[in-house]
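Subject: A structure for you to explore

Hi there,

Here is the structure I promised to pass on. Have a look at it in your viewer, and then read my notes below.

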Amino acid sequence: MSVMNDTNTSIAQLKDEVRALCLRKGWGVDGVQNPQHVAMAMTVEMSELLEHFQWLEPEDVRRLMEGGDPQRCAMIAEEFADVMIYGLQLARALGIDVTEQILRKIEIVDHRPAKSGVPKR
């Protein structure tokens with residue numbers, strides 16, 4: 001069996017993996033937790049993710065992006081995974097098609113006028 005990664009794993013498969021975790025842990029009813037609680041928990045995990053960026057200088061962020069701090073990147077990845085796990089739980093509980101909604105949002109953002117004062121990257 002091959003290892004699951006972004007290249008060979010669908011969002012539906014990830015949703016199933018998260019549901020299986022919830023079932024193993026006894027979280028929620030039939031593996032579905034209260035979406036309100038899940039959304040609130042996402043903010044906690046997002047705060048933990050942001051802690052890894054707090055007070056970094058631009059050169060520190062550049063170093064992260066260039067692979068110069070693998071230990072910090074691993075901690076960021078773990079917190080990012082927590083956020084995504086809650087996001088996938090929320091999507092599953094509310095019947096959100098992640099791909100459809102992301103593509104819809106991209107379309108919305110593409111058609112927004114540019115904000116003045118926002119630097120282009």
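The notes below go through what I found, one topic at a time. Please keep in mind that this is a predicted model.

**The helix α4**

A good place to begin is helix α4, which covers residues 70-94. It has 25 residues and spans 35 Å from its first C-alpha to its last, close to the 36 Å expected at 1.5 Å a residue. Several of its residues are buried, including Ile76, Val83, Leu88 and Leu90. The polar residues Glu79 and Gln89 are on the buried list too. What covers these buried residues? The cover includes α1 (11-25), α2, α3 and α5. Just after α4 you will find glycine 95, which takes a positive phi of about 70°.

**The salt bridges**

How many salt bridges does the structure hold? There are 4.

Try aspartate 16 and arginine 92 to start with: their closest N and O atoms are 4.0 Å apart. This pair links distant parts of the chain, as aspartate 16 sits in helix α1 and arginine 92 in helix α4, 76 residues apart. Aspartate 16 counts as partly exposed, because its relative accessibility is 46%. Arginine 92 is partly exposed as well, with a relative accessible area of 32%.

Next, look at arginine 19 and aspartate 30, where the closest N and O atoms are 2.7 Å apart. Arginine 19 belongs to helix α1 and aspartate 30 to the loop between α1 and α2, so this salt bridge ties together parts that are 11 residues apart in sequence.

Then there is arginine 63 with aspartate 69, at 3.9 Å between the closest N and O atoms. Is each partner buried or exposed? Arginine 63 is partly exposed at 42% relative accessible area, whereas aspartate 69 is buried at 18%, and buried means under 20%. Salt bridges that share partners join Arg63, Asp69 and Arg72 into one network.

**On the surface**

Ile102, Leu103 and Ile106 make a nonpolar surface patch of about 290 Å². Isoleucine 102 is part of helix α5, residues 98-110, and is partly exposed, with a relative accessible area of 46%.

One more residue to find is glutamate 57, in the loop between α2 (35-51) and α3 (58-65). Glutamate 57 is partly exposed, with a relative accessible area of 42%. Its C-alpha atom is separated by 20 Å from that of alanine 77, which is 20 residues away along the chain.

Enjoy exploring!

Best wishes

Note on methods
Residues are numbered from 1 along each chain as its sequence is written. This is a predicted model: local features need pLDDT of at least 70, side-chain atom pairs count only at pLDDT 80 or more; totals for chains, interfaces and linings use all residues. Side-chain values use heavy atoms; hydrogens and water are left out. Helices (H or I, at least four residues) and strands (E, at least two) are DSSP runs, numbered from the N terminus. Buried means under 20% relative accessible area, exposed over 50%, partly exposed in between (1.4 Å probe, protein chains only). Patches are made of residues with over 30% relative accessible area and no salt bridge: like charges are joined within 9 Å, nonpolar side chains (Val, Leu, Ile, Met, Phe, Trp, Tyr) within 5 Å. Accessible areas come from the Shrake-Rupley method with a 1.4 Å probe; for residues, only the protein chains shown count as cover. A salt bridge is a side-chain nitrogen of Lys or Arg within 4 Å of a carboxyl oxygen of Asp or Glu. The expected span of a helix is 1.5 Å times one less than its number of residues. Contact means heavy atoms within 4.5 Å.
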